[in-house]
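Student: I have a model open and would like to talk it through with you. Could we go from the overall fold down to single residues?

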Amino acid sequence: MTKSIAAFQDEHGRITGWPSDRRRAHQLAILDYLTGLFEAGVSYDQGQVDQILADHSTVEDPTVLLRELVDGDYLATADGMYWRADARPGPRG
């Protein structure tokens, strides 16, 4: 059962808060939503990731969202780059 994240979004669809640990299903739904903001097979630098999260959230500390994305294996990271964990980027040409 997929939980709705509407209670955690403003009228523009931005995430406005992080649910408590008791609402883990809502946390996972938000992480799924945020993961969808990153294109599969594309790598992003820290600034790009920060901008995407800032554009799609109003939380006071968006690093919480990034930490949850990485710790939950939604995003992978190495050498200052991030990508969707389900689609590692190819070599840069």
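What follows is a short conversation about this model.

Tutor: Happy to! This is a predicted model, so local features need pLDDT of at least 70 and side-chain atom pairs count only at pLDDT 80 or more, while totals for chains, interfaces and linings use all residues. Residues are numbered from 1 along each chain as its sequence is written, and side-chain values use heavy atoms, with hydrogens and water left out.

Student: What pattern does the chain follow along the sequence?

Tutor: Helices (H or I, at least four residues) and strands (E, at least two) are DSSP runs, numbered from the N terminus. The chain has three helices and three strands. Read in sequence order, the pattern is α-β-α-α-β-β.

Student: What is the radius of gyration of the chain, and how does that fit the globule rule?

Tutor: The radius is taken over C-alpha atoms, and the rule is 2.2 Å times the number of residues to the power 0.38. For 93 residues the rule gives 12 Å, and the chain comes close to that, so it is as compact as a globular protein of that length. The value for the chain is 13 Å.

Student: In which order do the strands lie in the sheet?

Tutor: Strands count as paired if DSSP finds at least two bridges between them. β1 pairs with β3 over two bridges, and β2 pairs with β3 over four bridges; the pairing is antiparallel. β1 (44–45) and β2 (75–78) each have a single partner strand, so one side of each is left without a neighbour in the sheet. The order is β1-β3-β2.

Student: Which residue of β3 is the bridge partner of Asp 45?

Tutor: Look at the antiparallel pairing of β1 with β3, residues 81–84. The bridge partner of Asp 45 there is Met 81.

Student: Which strands does helix α3 touch?

Tutor: Contact means heavy atoms within 4.5 Å. Angles run from 0 to 180 degrees between N-to-C directions, with axes fitted to C-alpha atoms, for helices over the stretch in contact. Helix α3 (residues 63–71) packs on the sheet with its direction at about 95° to that of β2. The strands touched by α3 are β2 and β3.

Student: Which residue takes a positive phi in the hairpin of β2 and β3?

Tutor: That hairpin has two residues between its strands. The phi in question is near 50°, and the residue is Asp 79.

Student: Is Gln 27 buried or exposed?

Tutor: Buried means under 20% relative accessible area, exposed over 50%, and partly exposed in between (1.4 Å probe, protein chains only). Gln 27 lies in helix α1, and beyond four places in sequence it is in contact with Trp 18, Pro 19, Ser 20 and Asp 21. Its relative accessible area is 1%, so Gln 27 is buried.

Student: Which side chain makes a polar contact with that of Gln 27?

Tutor: A polar contact is a pair of N or O atoms within 3.5 Å; within protein, one must be able to donate a hydrogen and the other to accept it, and residues adjacent in sequence count only if both atoms are side-chain atoms. The contact of Gln 27 is 3.2 Å, and the partner is Asp 21.

Student: How far apart in space are Val 42 and Tyr 82?

Tutor: Val 42 is found in the loop between α1 (24–35) and β1, and it touches Tyr 82, Trp 83 and Pro 89, leaving out residues up to four places away in sequence. Val 42 and Tyr 82 are 40 residues apart in sequence. C-alpha to C-alpha, the distance is 8.5 Å.
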